[in-house]
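Grab the model and work through a few short exercises. Try each task before you read its solution.

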Amino acid sequence: MTTHSITITQPDDWHLHLRDGDILNSVAPFTAKQFQRAIVMPNLVPAVTTVTQAVAYLDRILAAVEGTDFEPLMTLYLTDNTSAEEITAARKSCFIKGVKLYPAGATTNSDEGVTDIRRCYPALEEMQRAGLPLLVHGEVTDSSIDVFDREKVFIDRVLAPLIDTFPELKIVFEHITTADAVDFVLAVGPLIGATVTAHHLIYNRNAMFEGGIRPHHYCLPVLKREKHRQALLKAIASANPKFFLGTDSAPHAKHRKESDCGCAGIFSAPFAIELYATVFEMIDALDKLEAFASYHGPDFYGLPRNNGTITLQKVAHRVPESYPLADQSIVPLMAGQSIPWQLVPAND
Ligand code: NCD
Ligand code: ZN
Ligand code: ZN
């Protein structure tokens, strides 16, 4: 039987970039209309490294989504100098839900990131004590390592030893892209979870080179081989609670993507939940969408599941070629293409 509509508990996005200023105002409403909450990444310039900065950023986000009941879940950006005291302050704040590890130089706005994880031990010890999760961009930055192998090498060199040193630390392995990451997450204990993006489920690395170079399919970690995409699909279809929704929607203006040195990041926020529904339907697992999108994340973070619901209907619609972004424009994922599912607006 063909499903024409589904209603699920309102989902959350456990990995999101909202940026700041005019860009924040342009992109935040897309997320607020689908998701109840989102873990907001702290890689602004300058980075959100203190509770004071996080409060101010929270206020700016709330102003950008005024009139909605969207709840931003804030994070701190881990640096070599993050003190145990700052972590204590974060725990006491109640609105900071994680601390983000960017290896220095690994991705967009990671210059202030960690150069050597051992420098972070005082902060990590306090996070372990406080039950504050570490959110990880899991790629090594060693330029001698092939870009397609950086996640796997990160597991061996950084993540596995880190778990040995801090066995009680909650860790989210963000935007996993490989069979190696899936296997690793399955092999370790229940304190390690992982987010999975829509784009890594939809595309393999060929999508970056289809008929020419495709900057809007470039993100980090970079898209991988088909066998890795298949492993991600198998992971979400298994309904294992370690895997949950994190779009990694990462807006960059059109001209900054279509450039001789284009930025990494895919903008999937406008139709994120529709894209995940499309993927789950494609693998005949639509009945597993709700747990992935709405249960596993809050359960992992120790937060309540949402009370509200959203409805998606099977109505094909075309994704716009671009959207305004402050005084520029931005190209969404699947621009100009048709998506089979559509979110029913809340007040219909
Ligand atoms: C993200 C961004 O643009 O902030 N880019 C990306 O390609 N995913 C950073 C990140 O999540 O690594
Ligand atoms: Zn990242
Ligand atoms: Zn990200």
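Before you start: a donor here is an N, O or S atom within 2.8 Å of the metal (3.2 Å for Na, K and Ca), and water is not among the atoms, so sites may look incomplete. Keep in mind, too, that this is a predicted model.

**Exercise 1.** Find which protein atoms are donors to the zinc ion (ligand 2), and how far apart this ion and the zinc ion (ligand 3) are.

Solution. Start at the zinc ion (ligand 2): its protein donors are ND1 of H137 and NE2 of H175, 2.0 to 2.1 Å away. Next, step across to the zinc ion (ligand 3), which sits 3.8 Å from the zinc ion (ligand 2). Now place the two histidines: H137 is in the loop between β6 (134-136) and α5 (150-165), while H175 is in the loop between β7 (171-173) and α6 (179-187), so the pair ties together parts 38 residues apart in sequence. Last, check accessibility: H137 and H175 are both buried.

**Exercise 2.** Work out whether the site of the zinc ion (ligand 2) is tetrahedral or irregular.

Solution. Four donors count as tetrahedral if all angles lie between 85 and 135 degrees. The angles among the 4 donor atoms here run from 54 to 146°, and the site is irregular.

**Exercise 3.** Do the same for the zinc ion (ligand 3): list its protein donors, then sort out its geometry.

Solution. Coordination comes from H15 (NE2), H17 (NE2) and D248 (OD), at 2.0 Å. Along the chain these donor residues follow the spacing H-x1-H-x230-D. H15 belongs to strand β2 (residues 13-16) and D248 to the loop between β9 (243-245) and α9 (254-257), so this pair links parts of the chain 233 residues apart. For the geometry, the 4 donor atoms subtend angles of 93 to 137°, and that makes the arrangement irregular.

**Exercise 4.** Decide whether H15 and D248 are buried or exposed.

Solution. The cut-off for buried is under 20% relative accessible area. H15 has 0% relative accessibility, so it counts as buried. D248, with a relative accessible area of 6%, is buried as well.

**Exercise 5.** Look at helix α1 and say what its buried residues pack against.

Solution. Helix α1 covers residues 21-32 and spans 17 Å from first to last C-alpha, close to the expected 16 Å. Its buried residues include L24, V27 and F30. The packing partners of the buried set are β2, β3 (37-40), α2 (51-64) and β12 (323-325).

Note on methods
Residues are numbered from 1 along each chain as its sequence is written. Chains are lettered from A and ligands numbered from 1 in the order in which they are written. This is a predicted model: local features need pLDDT of at least 70, side-chain atom pairs count only at pLDDT 80 or more; totals for chains, interfaces and linings use all residues. Side-chain values use heavy atoms; hydrogens and water are left out. Four donors count as tetrahedral if all angles lie between 85 and 135 degrees; four count as square planar and six as octahedral if opposite donors are over 155 degrees apart and all others between 65 and 115; anything else is irregular. Helices (H or I, at least four residues) and strands (E, at least two) are DSSP runs, numbered from the N terminus. Buried means under 20% relative accessible area, exposed over 50%, partly exposed in between (1.4 Å probe, protein chains only). The expected span of a helix is 1.5 Å times one less than its number of residues. Contact means heavy atoms within 4.5 Å.
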